Amino acid sequence: MKKNCLYILVSTVLLGFTSCVDLDRYPLEELSDGSFWKTANDAEMIVSDLYRGLPYWDVDDDINSDNAVHGIKWAAGNVSKGIYDPQDMSWSDNYTNIRKANLILSKIDEIPDYDQAEKDKVLGQTYFFRAFQYFELIRTFGDVPYIDRPLELSDQEGITRTPRAEVYTKVMADFDKAIELLPAEWPDSDYGRVTKGAAMAMKARAALYYGDWQIAADNAKKVMDSKLYELYDKDNTGKYEELFWEKADGCKEFILVRQFKEAENSWYLIGWEAFPTKGWGGINPTQSLVDAFEDIEGAPISESKIYDEKNPFANRDPRLEVDVLHEGEVMYGETIKVAPLKSCYPTGIAQHGDATATGYYQQKWLDPSIDPSSTGWDMGKDAVVIRYAEVLLTYAEAMNELKGLSGEAFDAVNQVRKRVGMPPLQNTDASLPTYCGTQDALRQRIRNEWRVEFALEGGKRQWDIRRWGIAKDVLNAPFLGLKYRLVESPDAKPEDGGQICILYEGDNVVLAGSKYQDHNYVYPVPQKEIDLNPNLTQNPGY
């Protein structure tokens with residue numbers, strides 16, 4: 001079951017609600033002295049604290065790609081606008097967690113009579129989190145300082161940036177240690193802890209990012225062969241939308257999560273992402289994302305024989321309806337109207353500062369069991385860091401790069417498509433829209449599958465467009481919303497000045513989009529770190 005003692009341990013230790021050692025009272029400098037490292041509980045408390053370094057608010061990061069813009073205009077960060085300001089950047093949280101991991105590794109042998117099996121579990125989790133934090137760092141900043149011991153203040157002056165390739169090698173080594181030491185499964189009371197499968201999956205993610213195809217494929221395959229994970233509703237009984245509601249927490253698709261519990265450590269995902277009764281559109285899908293979903297026969301809409309531009313949500317990949325809230329839908333008792341007319345307030349385009357900018361709202365996380373009038377701001381949905389669909393698409397992409405049009409690649413990607421009722425990709429019948437006759441054809445379909453399966457989720461798209469080398473193409477073009485035109489009509493409501501809106505005709509909403517140059521493949525090194533340590537150099541172009 002979910003909501004276990006891991007959550008309780010972390011929250012009570014950090015907030016001081018128990019008689020255990022309160023980490024707020026014991027800064028890292030004190031954790032290295034003689035007052036600590038006396039019992040196994042000391043190490044287990046700190047390793048539990050490392051789980052706070054797992055992401056959860058990164059659903060916002062899709063605004064840093066071509067998938068979405070921020071409807072809550074003041075909340076759109078500079079990166080989403082193509083502004084990469086060294087003053088905005090930070091890596092302090094990453095290095096705080098790395099230092100905690102290094103403390104555990106340097107001090108754990110001082111604990112007397114530590115059962116080896118329990119000690120190995122702590123070490124496995126520690127190596128995982130150190131590897132995870134360094135992967136996040138090199139993916140974001142490229143070369144970064146590599147530190148594998150707790151530093152004293154006097155040590156920091158000589159720190160320089162370590163080449164990314166060298167850090168990557170060390171990341172892979174730490175993942176290997178984690179895989180060796182972690183259990184395949186934990187008892188139900190320890191739900192949420194890192195497993196061997198999670199370490200393999202995260203190692204595969206890191207390898208995929210740098211085109212290390214064989215390592216990515218091998219580790220994804222090990223996760224698949226473990227038979228411990230499966231797609232939620234893998235037989236397509238129409239429950240895919242539930243995957244993003246709290247009722248799915250604890251399912252076999254979730255390989256690693258960051259736990260939340262309503263009213264105790266909730267996160268306000270519904271209110272932030274799209275609260276339709278108020279017309280708040282935190283994350284607004286772009287027309288480009290909407291168009292990425294195939295028709296129900298498996299054809300891209302640009303090639304579809306059944307796509308109707310004036311009825312664009314009919315006969316489409318079912319994931320489109322799960323992800324995108326649009327005109328005419330009813331959510332939480334509110335009928336969504338997106339025309340830029342006063343009669344459509346508060347959900348119309350640009351009707352107030354937080355209304356949709358594109359004509360679409362995000363729907364993926366809108367759990368209908370939650371009453372937004374009372375608990376809509378309170379959500380106990382676990383933040384999913386890795387799910388099994390990622391493993392399957394990792395394997396599909398890697399195998400296609402290793403062996404173009406391989407049967408293994410088709411099988412893996414088609415498992416993801418099958419569970420939502422999409423027809424399988426294939427290379428045997430050229431008359432069907434699912435035909436992939438070349439390695440590149442399958443490559444592009446797998447890339448699109450990444451986009452639609454993980455749309456508005458985890459910010460994966462911003463990293464995918466970088467590793468695929470397409471960021472400049474997709475970010476420098478204007479972002480579009482839906483099409484509409486205003487026409488004079490005697491049927492118009494008085495407040496609309498004699499006009500009515502016809503959707504899906506006319507011109508698209510045009511937004512500024514973002515900007516991208518080649519050097520934006522990595523972010524700038526945080527300026528405050530350079531100010532503190534002149535030995536740190538800035539990335540080229542900044």
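This chat covers two helix pairs, one enclosed helix and the cysteines of a predicted model.

User: What kind of model is this, and what pLDDT do local features need?
Analyst: It is predicted; local features need pLDDT of at least 70, side-chain atom pairs count only at pLDDT 80 or more, and totals for chains, interfaces and linings use all residues. Residues are numbered from 1 along each chain as its sequence is written, and side-chain values use heavy atoms, with hydrogens and water left out.

User: OK, helices. At what angle do H5 and H6 pack?
Analyst: About 155°, with the axes 8 Å apart. H5 is residues 116-141 and H6 is residues 164-181. Axes are lines fitted to C-alpha atoms, for helices over the stretch in contact, and angles run from 0 to 180 degrees between N-to-C directions. Helices are DSSP runs (H or I, at least four residues), numbered from the N terminus.

User: So parallel or antiparallel?
Analyst: Roughly antiparallel. That label applies to angles over 145 degrees; under 35 is roughly parallel, 65 to 115 roughly perpendicular, and the rest oblique.

User: Which residues of H5 and H6 meet?
Analyst: Among them, Leu123, Tyr127, Phe128 and Phe135 in H5, and Val167, Tyr168, Val171 and Phe175 in H6. Contact means heavy atoms within 4.5 Å. The contact residues divide into 14 nonpolar, one polar and six charged. Ala, Val, Leu, Ile, Met, Phe, Trp, Tyr, Cys and Pro count as nonpolar, Asp, Glu, Lys and Arg as charged, and the others, Gly among them, as polar.

User: Now H7 and H8. How do their axes cross?
Analyst: At roughly 155°, coming within 8 Å. H7 spans residues 196-209 and H8 spans 213-225. That makes H7 roughly antiparallel to H8.

User: What makes up that contact?
Analyst: Ten nonpolar residues, two polar and two charged. Met200 and Leu208 in H7 are included, as are Trp213 and Ile215 in H8.

User: Switching topic. Is H3 enclosed or open?
Analyst: Largely enclosed by the rest of the structure, because seven of its ten residues (40-49) are buried. Buried means under 20% relative accessible area, exposed over 50%, partly exposed in between (1.4 Å probe, protein chains only).

User: Which ones are buried in H3?
Analyst: Asp42, Ala43, Met45, Ile46, Val47, Ser48 and Asp49.

User: How many disulfides in the whole structure?
Analyst: Zero. A disulfide is a pair of cysteine sulfur atoms within 2.5 Å.

User: Why doesn't Cys344 bond with Cys501?
Analyst: Its sulfur is 7.2 Å from that of Cys501, the closest cysteine sulfur, so the gap is too far for a bond.

User: And is Cys344 buried or exposed?
Analyst: Buried, with a relative accessible area of 8%.

Methods:
Helix = DSSP H or I, 4+ residues; strand = E, 2+ residues; numbered from the N terminus.
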